[in-house]
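Okay, thanks for coming, everyone. Let me put the structure up and we'll walk through it together.

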Amino acid sequence: MGGWPALTYSDWSATCDTLHAHTQVLGKLAVELAPPEPQLQHAALRLSVRGWETQALPARDGSGAIVAALDLRRHEAVVEHSDGREARIPLTPDQPVAEITRDVLDAVDDLAGAVEINPAPQEVPWDTPLDEDREHATYDPEQVATYFEAATRAALVLAEFRAPFRGRSSPVNAWWGTFDLAVHFYSGESVEPPSDDFIFRNSGDAQQVSIGWWPGDRAHERSAFFALAYPTPDSFGGADLSPAPGAWDAEMGEYLLAWDEIRDSPDAHSRALDFARVAFRHACHACDWDPALAATAQGVPPPIH
């Protein structure tokens with residue numbers, strides 16, 4: 001098996017930002033249509049073998065269910081109805097986010113009834129509404145294919161790491177605000193949200209540890225795996241993860257494993273798994289989780305009664 005592809009934000013920033021904006025349209029459809037779940041899990045997307053997509057969403061007109069997707073193999077935005085009808089919208093170079101947004105919403109209207117979304121972008125450095133955004137229009141299919149290969153490799157690591165955990169956890173979520181992939185593990189303890197902001201109030205009301213990956217951004221160009229604990233105890237930062245790769249980043253407040261640190265290694269998948277397992281074990285210890293629950297993430301089963 002060859003090495004993982006090189007991926008640095010600065011090498012594809014224009015296409016990355018356009019693709020990020022397109023994922024927000026899908027996410028906002030999920031916000032409007034999906035039944036609400038704790039910690040806003042209903043708003044998350046999934047990375048499938050074709051790209052980013054929603055779960056099955058109830059059609060607003062009661063006719064069944066729809067899925068909205070970004071097909072990163074065929075380079076199309078797709079809206080599919082459970083009765084077999086579908087609409088496909090090409091993702092082409094120099095086509096602004098505003099046009100794709102309106103075409104996707106028109107397709108949803110035709111197939112499942114009108115849905116109004118809040119077009120304001122979230123957790124990004126720009127503020128132009130999605131249905132007015134003509135600035136983000138760069139779409140390079142080769143760069144998207146490279147990103148999709150990297151994201152798929154990362155998602156497989158996260159899925160394997162999550163598999164043995166016996167407590168409550170999320171699937172591998174694709175978050176359209178931060179444009180990352182993450183698995184969230186919950187101790188079962190409630191916490192007081194850090195603010196009245198809608199996102200923090202609803203996502204930050206439970207003790208959790210998150211392990212994830214993102215392709216880099218303007219503030220941190222290197223793509224990387226990350227590990228964070230919430231709430232973050234004083235004892236969380238600064239630990240030595242060796243012999244696993246990765247290190248504490250005080251500025252980010254997370255443990256990071258840079259993609260380019262392992263991508264050429266003979267078994268990058270195993271090295272990323274080592275990072276996830278060691279960082280998670282440390283996080284659970286620092287956050288005083290039930291040791292038996294924490295151990296299940298390492299593949300240690302609970303006792304048989």
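I'll go through the helices, then the strands, then the cavity.

One thing up front: this is a predicted model.

Let's start with helix α1, residues 13-33. At 1.5 Å a residue, its 21 residues should span 30 Å, and the end C-alpha atoms sit 31 Å apart, which agrees. Is it mostly enclosed or open? Well, 17 of the 21 residues of α1 are buried, so the rest of the structure largely encloses that helix.

Next, helix α3, residues 141-162. That one has 22 residues and reaches 31 Å from first C-alpha to last, close to the expected 32 Å. Its buried residues include Tyr147, Phe148, Leu158 and Phe161. At the N-terminal end, Asp140 is the cap, with a side-chain oxygen 2.9 Å from the backbone nitrogen of Glu142.

Now the strands, and keep your eye on β4, residues 65-71. Six of its seven residues are buried, so β4 is largely enclosed too. Who pairs with it? Strand β2 does, antiparallel, over three bridges, and there Trp52 partners Leu70. β3 is also antiparallel to β4, with two bridges; Leu57 partners Ile66. Then β5 pairs with β4 in the antiparallel sense over six bridges, with Val67 facing Glu80 as bridge partner. The β4–β5 hairpin has four residues between the strands, and His75 in the turn has a positive phi of about 60 degrees.

Last stop, the cavity. The search turned up one of 30 Å³ or more, holding about 30 Å³ of space. Among its lining residues are His22, Gln95 and Tyr139. By class, that lining is three nonpolar, four polar and no charged residues.

Technical notes. Residues are numbered from 1 along each chain as its sequence is written. This is a predicted model: local features need pLDDT of at least 70, side-chain atom pairs count only at pLDDT 80 or more; totals for chains, interfaces and linings use all residues. Side-chain values use heavy atoms; hydrogens and water are left out. On a 1 Å grid over the protein atoms alone, a cavity is a set of points where a 1.4 Å probe fits but cannot get out, and a pocket is an open set with protein on both sides within 12 Å along at least five of seven lines; lining residues have an atom within 4 Å of a point. Grid points are joined across faces, edges and corners, and a volume is the space filled by probe spheres set on the points. Ala, Val, Leu, Ile, Met, Phe, Trp, Tyr, Cys and Pro count as nonpolar, Asp, Glu, Lys and Arg as charged, and the others, Gly among them, as polar. The expected span of a helix is 1.5 Å times one less than its number of residues. Buried means under 20% relative accessible area, exposed over 50%, partly exposed in between (1.4 Å probe, protein chains only). A polar contact is a pair of N or O atoms within 3.5 Å; within protein, one must be able to donate a hydrogen and the other to accept it, and residues adjacent in sequence count only if both atoms are side-chain atoms. Two strands pair if DSSP finds at least two bridges between them.
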